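Colleague: I am new to this one. Please show me the structure, and then I will ask.

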Amino acid sequence: MSRTTAPWPPVETEAAQPHPDAPTPGTDLPPHYAYCFGCGDQQANGLHLRASACAGGVIRSRFTVTEGHQGAPGLAHGGLLACAFDEALGTAVGHLLRKPTVTGRLETDFVLPVPVGTTLVIDARVDGVAGRKIYVSADGTLGEDGPVAVRARALFVLVDIQHFLDHGREEELRAVVADPGLLTSQVDLNP
């Protein structure tokens with residue numbers, strides 16, 4: 001079977017300009033929201049991704065697959081891996097560009113199985129910007145120096161902060177107002 005890879009980004013883009021306050025290489029990045037399923041510290045059943053800034057505009061996230069993340073016996077569930085990549089890609093956009101965005105499209109290629117107990121290392125980068133569209137991609141390896149197990153590409157769309165106010169549940173929004181420390185995002189709220 002022959003597989004043709006479409007060009008990425010699929011449209012002409014400008015190079016992404018990192019925010020002046022983007023993290024420097026070696027910086028460990030906080031969760032953007034304490035109850036986020038992907039990175040939140042207070043989300044008991046979450047993925048608990050941890051991220052750090054690396055050289056070359058790469059944001060590296062780490063996700064350790066537990067027994068609760070299984071699909072097939074002893075292997076990570078594919079949908080859960082897609083979720084981990086969505087979080088890692090969004091983390092790259094959020095920390096490098098510091099603009100509020102939402103996922104518009106996510107595609108994943110599963111290259112190798114990801115066994116329980118493995119730490120998946122996801123290196124994400126912003127590939128280009130076209131107006132409100134931000135194109136990002138990532139590779140996930142089995143451990144620090146292992147083979148690539150999953151690849152992903154995504155389109156994130158720049159939104160106004162009002163998007164979250166209009167669509168978020170009122171009780172969570174009130175909780176953030178009462179305890180702003182729940183929301184540790186480093187985004188400019190008025191892009």
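**Charges, fold and core**

Modeller: Start with the charges: the chain has 14 positive and 22 negative ones, and their mean positions lie 5 Å apart. Lys and Arg count as positive, Asp and Glu as negative, with His and the chain ends left out. Each charge is placed at NZ of Lys, CZ of Arg, CG of Asp or CD of Glu. This is a predicted model, where local features need pLDDT of at least 70, side-chain atom pairs need 80 or more, and totals for chains, interfaces and linings use all residues. Residues are numbered from 1 along each chain as its sequence is written, and side-chain values use heavy atoms, without hydrogens and water.

Colleague: In what order do the elements of the chain run?

Modeller: Helices (H or I, at least four residues) and strands (E, at least two) are DSSP runs, numbered from the N terminus. The chain has three helices and seven strands. From the N terminus, the order is β-β-β-α-β-β-β-β-α-α.

Colleague: Which element supplies the largest share of the largest nonpolar core?

Modeller: A nonpolar core joins buried Ala, Val, Leu, Ile, Met, Phe, Trp, Tyr and Cys residues through side-chain atoms within 4.5 Å; buried means under 20% relative accessible area (1.4 Å probe, protein chains only). The largest one has 32 residues, and Phe-63 and Leu-89 are among those with the most contacts inside it. Strand S2 (50-54) and helix H1 (78-97) are among the elements that each supply at least two of its residues. The largest share, 10 residues, comes from H1.

Colleague: What percentage of the residues of the chain count as buried?

Modeller: The chain has 191 residues. By the same cut-off, the buried share is 38%.

Technical notes:
Buried < 20%, exposed > 50% of the residue type's maximum accessible area, 1.4 Å probe, protein only.
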